[in-house]
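Me: Could you take a close look at one part of this predicted model for me? I'd like to know how the charged side chains pair up there, and how buried or exposed they are.

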Amino acid sequence: MDGAREWATHGDVTWARMDTPQQPMVVTILLLLAEPLAEARLRAVLDQRLLAFARFRQRLVQQNSRHAWVEDAGFALDHHLEWRQLPEPADQRALEDLVGELASQPLDDGQPLWRCVVVDAYAGGCAIIFRVHHCIADGIALLRVFMTLTDLTPDAAGVATVEQRRAQARLAAKTSKSLRPSPGWRERWHWSGALVMALLRQSLIPPDTRTALRGELNGQKRMAWSAPIPLDTITRIRQHWGGRVNDVMLTVAAGALGRYLRARGEVRPGLTARLAVPINLRPYQEEIRLGNEFAVIFLRLPLDIADPVARLAAIRARMEQVKASPEAVANLLLIRLVGRLPHGLERGILWLFGTKATAAMTNVPGPEEPLYLAGAPLTRVLAWVPQITSIGIGICVLSYAGAVTVGVTTDSGVVADPWELVAGLEAEIVELATRAASASV
């Protein structure tokens, strides 16, 4: 029999009920390590650090008309930890195939909703694939959780000291900035009115333009990721053309989507596509708090602008408009609202929500310092967040130790080979960097 319970929030319930056969609502995090792992040491780290977070020992169950998190009396780490080997030649493509295979599978809701697959003998080291259901936490919180599994030195003990945990929390907390306003009563009154209008506007947004980037999902996920992009390269682009890292990466993403459609003869003047872009709403804090504390904005990107510099200027202007509006908070309220609705009505609303965008894109700043996991150097961190309902493309930008990696996931019914999008992303970065270098001479 399961133990003590904790009532689930409406947000937890919303994300738990979003699963469909084509779209498991599971966050995938991939850690690449330069050395093999000692199994006993990894198990100790998971047991002493990951399982310190109650959600990784709990199941989400329905009790009468409510949902609750309850301790799983039959919990065993062996039910969640698996060791695999890739088929030869055991290269990045083979790992991408495995990650896509796992990302296509739902998690077993009869157990705590997470899984860890260790891939031995990859690139002279190993890879760890974590899959965690979105109802446990959003991507920002999960990245912070998994950073607590790491150490600042290779010879740290299995249990982190208080000082190490604080240092790890400070590294992860750099990703957490709140967008919640703190105005006086006049500003609150104005904000409330603007929020009501934003809610109305969100409900009236029509479906996004139908292109080759939208199609019928088949549930078979494909994963790919870029070569590391030095943050110095992005900094030089920003310094010359203006904008933030997110503006540059949105420009690159729009360029890659445009290249994909241009190769199929679908680009026309005025063509745009909407991206669903998560916005973190967590306050800056050292304490790690699970759950979902983010909202989504719909950002319309120009796909018809081939010149990346002109595209960057257009996207910067659009982002400034979005930041000044209460759209993100309005969408957060909508997500929380549907968790209170009957399941059938919830699915209908979420389906409509999913028609409003062509792709989802996240940008997560990770730790700046090199880290170690169970004594092995952590070389790269990648992540993919799930897309809702009919959205078949996801892009995740994640920085770590001075470089950015872009992970792309697609449903093969929409885009059969995500590498075409990755190649477009890399070509766009090269073009922007080359233009900035030429203009500086």
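Reply: Glu-428 is buried, since its relative accessible area is just 2%, and buried here means under 20%. Its side chain still finds a charged partner: Glu-428 and Arg-259 form a salt bridge, with N to O at 2.7 Å. That pair joins distant parts of the chain, as Glu-428 belongs to helix 12 (residues 419-440) and Arg-259 to helix 8 (residues 245-262), 169 residues apart. Arg-259, unlike the buried Glu-428, is partly exposed at 32%.

Arg-259 also meets the side chain of Glu-431 in a salt bridge, this one at 3.4 Å, N to O. Glu-431 is in helix 12 and Arg-259 in helix 8, so this contact ties together parts 172 residues apart in sequence. At 28% relative accessibility, Glu-431 counts as partly exposed.

Now for Arg-264 and Glu-420: they form a salt bridge too, and their closest N and O atoms are 2.9 Å apart. Arg-264 sits in the loop between helix 8 and strand 11 (272-280), while Glu-420 is in helix 12, so parts 156 residues apart in sequence get tied together. Both ends are partly exposed: Arg-264 comes out at 37% and Glu-420 at 34%.

Elsewhere, salt bridges with shared partners join Glu-82, Arg-84, Glu-101 and Arg-115 into one network. Across the structure, the salt bridges number 15.

Notes: Residues are numbered from 1 along each chain as its sequence is written. This is a predicted model: local features need pLDDT of at least 70, side-chain atom pairs count only at pLDDT 80 or more; totals for chains, interfaces and linings use all residues. Side-chain values use heavy atoms; hydrogens and water are left out. A salt bridge is a side-chain nitrogen of Lys or Arg within 4 Å of a carboxyl oxygen of Asp or Glu. Helices (H or I, at least four residues) and strands (E, at least two) are DSSP runs, numbered from the N terminus. Buried means under 20% relative accessible area, exposed over 50%, partly exposed in between (1.4 Å probe, protein chains only).
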